[in-house]
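Here are my notes on the model you asked me to look over. I have kept them as numbered points so you can tick them off against your own viewer.

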Amino acid sequence: MENEITSRLEHDKIGRLLLHYTLPAIIGTMVNALYNIIDRIFIGQEVGALAISGLTLTFPILIFLQGFGMLVGAGAAARVSIYLGGKEHHVAEQVLGNALTLTFLLSVLSIIPSLIWLDEILIWFGGSEQTLPYAKDYLYITIPGNFLATISFGFNAVMRAAGYPKKAMLYMLLGAVLNIILDALFILVLEMGIRGAAIATVISMAVTSLLVVNHFLRPDTLIRFRRKYFRLSYPVAMSIVTIGLSPFSMQMAGSFVNVALNSSLKKYGGDLAIGANGIIASFGLLLVMLVMGLAQGMQPIVGFNYGAGRYDRSLKALRISVNVATVIVTVGFLASFFFPEWIVRAFTNDELLIAISTNGLKISFLLFAVVGSEIVISQYFQSIGQAWKSIFLSLSRQCIFLVPAIYILPVFFDLDGVWLAASFSDLIAAVFAWVFIWQHVKTSKRVLECW
């Protein structure tokens, strides 16, 4: 099994490998997006416009909690790929064991404080008397369930990195289908409202996490849980965290930005503007997760071949992935420009919310066509262990340029300025990504010429 998997990563055609790894990864990340999007559709259509606003208030805290899962999951996945590429099988298993221990510790340290200070946090996030009850009903269930989400998504990424992309895909797909069925049961049949959506999500995560854990307990898997590796090793834990810092930073920045965004939206547009952002973010999440799936599928190919010294194969995987990602986000831009109302009506039938969301969607996605290459390039640097570049690129789009724009542009353009901030940061971040990769490619070509 080990020889077959590693041999394919080292010798198969890059295009075939990308199809083999990215299709399951895309389905996995799309499943992640669907957990959130399906909840919003059911809640918006069946509970009401203010319920969408209340659900949008939960974004920053859920993004914050998910960040700790990505810190471990993404870091462990990248390290496993690199160590398997370097034929260090035992170190890859040590990474896996340490990752599980880190997940337990970080979950306890993040979930308990979030529950204790939930009211104060939601008010800071822009909550009002109309929206707070919806947010609290959802979070009192989903915050404790976040540990299951961390296991489900984080270790699913490790499964893909260790050579089991199809199995990882099937587990995630099963969870998504179950979530849709339970949403319909709890919201439409039992009329449990937003609490029903939360319960459906947690149950689905529980089933998926049990399947993932069972995979790593089986004796016939390439790498598995071993008790001796559960004890934390400082060098191993740090090797996970240093690479995982990039997606973790992205999540933390995303949480902070959502707080800033909600503040500006409430000031310039009120509660319904916050709900409109939830709809816009849902459509954006769908596209970004498509690209993230592509980038995550690229990761084991890039990481393995970079670890094996095959820089030409790593760069070819990058080039193909950038081209495909650009096509995906360009289609998303065209849809947002020509059919914005169709997209919005999938989430709500409230005419005022439809009008606000349609306008915001068109403006927010003006320069979205450049986002695909920036995400893939950031993932590439994470995959080869150059964490600081990946961290900077992640932060540049979601924090460094976006937050100032959120506060400055509305002064001149009112609510439209809040929407315009996203387009501004997309362009600047993409420019930095192109400069970084141009310099990296030049260096890699010089290395190849010396062989």
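The points below go from the overall fold to surface patches, then salt bridges, then a few single residues.

1. Keep in mind before anything else that this is a predicted model. Everything I quote is computed from that model, so treat the distances and angles accordingly.

2. What is the secondary structure made of? The chain comes to 19 helices and zero strands. Along the principal axes, the C-alpha atoms fill a box of roughly 60 × 45 × 35 Å.

3. On overall packing, the radius of gyration is 21 Å, and this agrees with a compact globule because 451 residues would give a value near 22 Å. Buried residues account for 60% of the 451 in the chain.

4. Have a look at the nonpolar patch on the surface. Its members are Leu 334, Phe 337, Phe 338, Phe 339, Trp 342, Leu 366, Leu 367, Leu 427, Val 431, Trp 434 and Val 435, and together they have about 1,100 Å² of accessible area. Helix H13 and helix H19 (415-450) each supply at least two of the patch residues. H19 gives the largest share, with four residues.

5. Phe 337 is a handy one to click on in that patch. This residue lies in helix H13. Its relative accessible area is 37%, so Phe 337 counts as partly exposed.

6. There is a charged patch as well: Lys 13, Arg 16, Lys 316 and Arg 319 gather on the surface as a patch of positive charge. Lys 316 sits in helix H13, which covers residues 311-338. With a relative accessible area of 39%, Lys 316 is partly exposed. H13 therefore deserves a second look, as the helix holds Lys 316 of the positive patch and also supplies at least two residues of the nonpolar one.

7. How many salt bridges does the structure hold? The count is four. As background, side chains of opposite charge can pair when their charged atoms come close.

8. Arg 226 and Glu 93 form one of these salt bridges, with 2.6 Å between the closest N and O atoms. This pair links distant parts of the chain, 133 residues apart: Arg 226 is in the loop between helix H10 (193-217) and helix H11 (234-269), while Glu 93 is in helix H5 (residues 89-116). The two partners are covered to unlike degrees: Arg 226 is partly exposed at 32% relative accessibility, whereas Glu 93 is buried at 5%.

9. Another salt bridge joins Asp 119 to Lys 136, and here the closest N and O atoms are 3.4 Å apart. Again distant parts of the chain are linked, Asp 119 being in helix H6 (residues 118-124) and Lys 136 in helix H7 (residues 132-142), 17 residues apart. Asp 119 is partly exposed at 34% relative accessibility, and Lys 136 is partly exposed at 23%.

10. Glu 341 and Arg 345 make a salt bridge with a closest N to O distance of 3.0 Å. Both residues lie in helix H14 (residues 340-345), four residues apart, which is about one turn of the helix. Glu 341 has a relative accessible area of 36% and counts as partly exposed; Arg 345, at 35%, is partly exposed too. Which residues are linked in a network of salt bridges? They are Glu 341, Arg 345 and Glu 351.

11. Two residues caught my eye for their backbone angles. Glu 191 has a positive phi of about 55° although it is not a glycine. Glu 191 is found in the loop between H9 and H10 and is exposed, with a relative accessible area of 67%. Asp 414, also not a glycine, has a positive phi of about 60°. Asp 414 lies in the loop between helix H18 (402-413) and H19, and at 44% relative accessibility this residue counts as partly exposed.

12. Last, Ile 181. Is this side chain's residue buried or exposed? At 51% relative accessibility, Ile 181 counts as exposed, because the cut-off is over 50%. Ile 181 is placed in helix H9 (residues 165-189). The C-alpha atoms of Ile 181 and Ala 161 are separated by 30 Å, with their positions 20 residues apart along the chain.

Note on methods:
Residues numbered from 1 in each chain as written. Predicted model: local features only at pLDDT ≥ 70, side-chain atom pairs only at ≥ 80, totals over all residues. Heavy atoms only, no water. Patch = residues over 30% accessible without salt bridge, like charges linked within 9 Å, V, L, I, M, F, W, Y side chains within 5 Å. Areas by Shrake-Rupley, 256 points an atom, 1.4 Å probe, with all protein chains shown as cover. Salt bridge = Lys/Arg side-chain N within 4 Å of Asp/Glu carboxyl O. Lys, Arg positive; Asp, Glu negative; His and termini not counted. Charge placed at Lys NZ, Arg CZ, Asp CG, Glu CD. Buried < 20%, exposed > 50% of the residue type's maximum accessible area, 1.4 Å probe, protein only. Rg over C-alpha atoms; globule rule 2.2 N^0.38 Å.
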